[in-house]
Structure formats: C-alpha cells, structure tokens
Amino acid sequence: MDIVISQRTSIRSQSLTLDVNINPPATQIQSSASPFASFLTGEKIEGTVSIISQRDFGFDRLHISFVGEESTTIPSSNPDKAKHQFLELIQPIHDSALPSPKVFIAKRQYEFPFSFEVPDYLPSSSCRHSSDPLLKAAHLHLPPSCGDASIAGFGGKLRDDFAPAACKVVYSIYAKLERFSKTFETQETIADKRLKVRIKPAVGDVPLPDLQSMNNSSSGYSLHHELTIHGGNSKSKSPVTGRLAMTLEHPGCFYHPLRDPIRLISKAIRIFLVYTPSASDPITPPPELKSLKAQITATTIYTTKLDNAIHPLPKKRDFFNRPANFRDAELPLSIPSTPRLGWTQDQTGSYTTTLLVPVTLPKDKSFIPTFYSCLISRVYSLCFQLSVQGASEPFRLKAPMQIAAERDPAALPSYNATLGIIDME
Ligand SMILES: [Zn+2]
C-alpha cells in the first residue's frame, strides 16, 4: 500500500516533498536492523512532518493522523477480503501554525510537529460487537502490530511473529496535503506519506478474558489425565499395578518485561502426580518417567466478517483439510533432561510428587501479546506429553496460556481514550 501511495505522490506533485519523521523514543535501544520505532501503551509518538517545495505551492489543508488498521483475506478462487480502521487520532493544526496565505514558498523548509499518545483503549465506535460486553471489552484493547515482517520483533531485530500472510495489523503516522480542485469541486490530495510504527500494547493487572476456551468447546484443553499402569514391559497384557493421575497447573500469564528485550520470558509450570497402587499389588514401586515433551502453539484465527457473533470463530478447514481461517504455529520447547520423580508415600498408601517444568519462550521468535480484535485473534496454548513406564499411551495435558506486555506503572491511562474523544471517520 505504501509503495502505491508514494508512486501516486510523485505523480501528483514532483516539485513538492512531504516527509514524516518520528523522534525515536528515549527508552528504545537503537539498532540499524529495524528502522521502525516501537511504542508501548501510554508512550508518546512525537515527530515532525516536513514539507519542501521547488516552486511556490498553494494548498488548503494539512492533515496529520495516527491510524490503526487491520486486514484479512480468506484465500480461495474468489478471495474474501476485509479491512477495518479501528483507530484514527487527529493532530490539531491551528491556522496560525500554517503559512499565511496558504502557500509554501519555493525551497523553504516547513516543519509541523505532531504528538500522539498510544491510548489504552479504542473508541467504542470501533467495534460493533455491542451485544456481548465481555467480547466488546476485549476488542477495545489495542491489538499489537502483527503480520508485517518489516516491523516485527523487539529491540531492533526482525523476528517471525507466526501471523499468516492473510492477517495484518498496521499502525502508521499518516500525513496528507490537500488543495481544492475547481474542476472536481472537492479537496484533492496533492501529496501524502505513511510511516509505519510498531505498537506493543500493554495490559494492566487484569489479563484479558480467555474468549477462546469460553466460546469453543472444541479447543481441546485438558488439565487432567489418568491412566492405568501395568507391570513388566508388555504393557496392557501385564497385570495392573496401579493408577496414575496427572494434573497441570494453569500456566497463567507470561509477561514481556517492560523495555527489556534481553531478559528471557520464563516460568516454572507445575504438574501434580498421584499414583494409587492397586489393592492386589501394593509392593510394585511407582513408575518412572521415560520422556517429557513440551510445546507452545501460537494460533491466529481470523474472519472477514466484522459482525460475527462468536469470537474467536471455531477453526475451519477447507475441502482439502487445509486450515481455512486459522494458522497453528507449533513451537517445541527444549527441556534440558527428563526429570526423575521423587515420590513420597502418604498414610493411605498413595504416592505423590510434583514436577516443576521450566517453560522459556524461544528467543528467536516474536511472541506478540495475546489479543482479540474484530477481525483477528491470537491465542496461545501450552501442551505437555509425558511417557511413563507401564502406561499404554503418553499422558497429554494442554492448557491455554496468555502472553501480555507489562504496563509501565508510571504511564497514566490515556486521557483521550478515557474521555472517548478520539476522532473516527
Ligand atoms: Zn469487535
């Protein structure tokens, strides 16, 4: 889209140059790998729009805005597309800041400052899901920039954020110069420029509701798994020695540390094990763990309908069983070694133990925060597979996990958003 716009700009006015410059945030680590500035909730995006013309140039209006848009495509022989502008903050420009009369004098450089604060919430009018307050509240959180390789990553490195090519969330500073056309009796654009910025919205102490498991009974989550344990090596043909139950602790929220792209995002997750020996065989010791595998799945679910009642939609597959409205990116986690189980026997004769599994998000990928928007949702799940001596199949445990960016406690909630005075077209 940017390329088209700049081409149009050059066709419309070759003698006038309009540029958008953003001051890098003071808090950001500078790197030449990513020219894009990254902003958190509550931070100010500041900079200037500079205009220089080769000849005297009359105009009527200068428009500077901070825009957030999302777009989706359902691929098929007849692709279904949607685009939704969910945010437009407009920089007020007083007439006294403009040249009078409204003419840019040849070869003189004009600069117009702008300042936008990344709001905590979107205006209510940006989401039509009014019948479900919980859904609407989730949609009014800003979605993070996603699906754009040129601005993915944090700390200046470009990283994969697992978004399918069909999904994009793009924020930009957009500047446009207009002049009244006597021929068409309307304002026409003489020059415009769009500069992308990367937005990583933070959530406060209250994480987002888990809409995925609330609305989809088929999400496959399972926090508990029980299997019978057999003696010897022939498994199900051997006599039953007992029963093993595993319960996964809800992993809760993984937080991106505030302005620290270096620190690993890590958490120890507990799995509780209870082994009950069968009455006929109280002497066989409890089983050992043979292997432990862990995986994070990053799921992007999308739609092209702005008013679907259910969110996120259930996953759909096409005739060839290919994902039609989602992408699951599966990321195996490295577990240093298979732990030994330190069983303790209680008075009833049962054995208990707790496994502590370190879960660290791989550093080379961009784990954008969990979000739900009118067109796109990103959810994560954590899955463990444990093979146990004497069990006929592996134990499988799967839980939803949330990823969020830590909010700067020093940044006040955005004034604009609190009062709901964001301009929308
Ligand atoms: Zn919505």
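Select Phe66, Phe86, Phe114, Phe116 and Tyr171 to begin, since together these residues form one aromatic cluster, where rings of Phe, Tyr and Trp (its six-membered ring) pair if their centres lie within 6.5 Å. The model is predicted, so local features need pLDDT of at least 70 and side-chain atom pairs count only at pLDDT 80 or more, whereas totals for chains, interfaces and linings use all residues. Residues are numbered from 1 along each chain as its sequence is written, and side-chain values use heavy atoms, with hydrogens and water left out.

Next, select strand β8, residues 109-117, and follow its alternating side chains: Tyr110, Phe112, Phe114 and Phe116 point to one face and are buried, while Gln109, Glu111, Pro113, Ser115 and Glu117 point to the other and are not. Here buried means under 20% relative accessible area, exposed over 50%, and partly exposed in between, with a 1.4 Å probe and protein chains only. Strands (E, at least two residues) and helices (H or I, at least four) are DSSP runs, numbered from the N terminus.

Add strand β3, residues 44-53, which is joined to β8 by nine bridges and runs antiparallel to it; two strands pair if DSSP finds at least two bridges between them. Within this pairing, Ile51 has Tyr110 of β8 as its bridge partner.

Move now to the open sheet of five strands, whose order is β11-β12-β14-β18-β17 with antiparallel pairing. Its edge strands are β11 (224-230) and β17 (344-345), each of which pairs on one side only. Inside the sheet, select β14 (residues 266-277) and β18 (residues 351-360), two antiparallel strands that 10 bridges join.

On these two strands, show the side chains of Tyr275 and of Tyr351 in β18, which stand opposite each other. The structure holds 12 aromatic pairs, and Tyr275 and Tyr351 form one that is tilted, at 6.2 Å centre to centre and 45° between the planes; planes under 30 degrees apart count as stacked, over 60 as edge-to-face and the rest as tilted. Because Tyr275 lies in strand β14 and Tyr351 in strand β18, the pair ties together parts that are 76 residues apart in sequence. Tyr275 counts as buried at 0% relative accessibility, and Tyr351 counts as buried at 13%.

From the edge strand β17, step to Gly342, which lies in the loop between β16 (326-333) and β17. This glycine, Gly342, is exposed, with a relative accessible area of 52%. Leaving aside neighbours within four places in sequence, Gly342 is in contact (heavy atoms within 4.5 Å) with Thr352 and Thr353.

Finally, select the zinc ion, whose protein donors are Cys127 (SG), His129 (ND1), His139 (ND1) and Cys374 (SG), lying 2.1 to 2.3 Å from it. Donors are N, O and S atoms within 2.8 Å of the metal (3.2 Å for Na, K and Ca), and water is not among the atoms, so sites may look incomplete. The four donor atoms subtend angles of 96 to 124° around the zinc ion, which makes the arrangement tetrahedral, a term that requires all angles among four donors to lie between 85 and 135 degrees. Two of the donor residues link distant parts of the chain: His139 sits in helix α2 (residues 133-139) and Cys374 in the loop between β19 (371-372) and β20 (376-388), 235 residues apart. Both His139 and Cys374 are buried.

Notes: Tetrahedral: all angles 85-135°; square planar, octahedral: opposite > 155°, others 65-115°.
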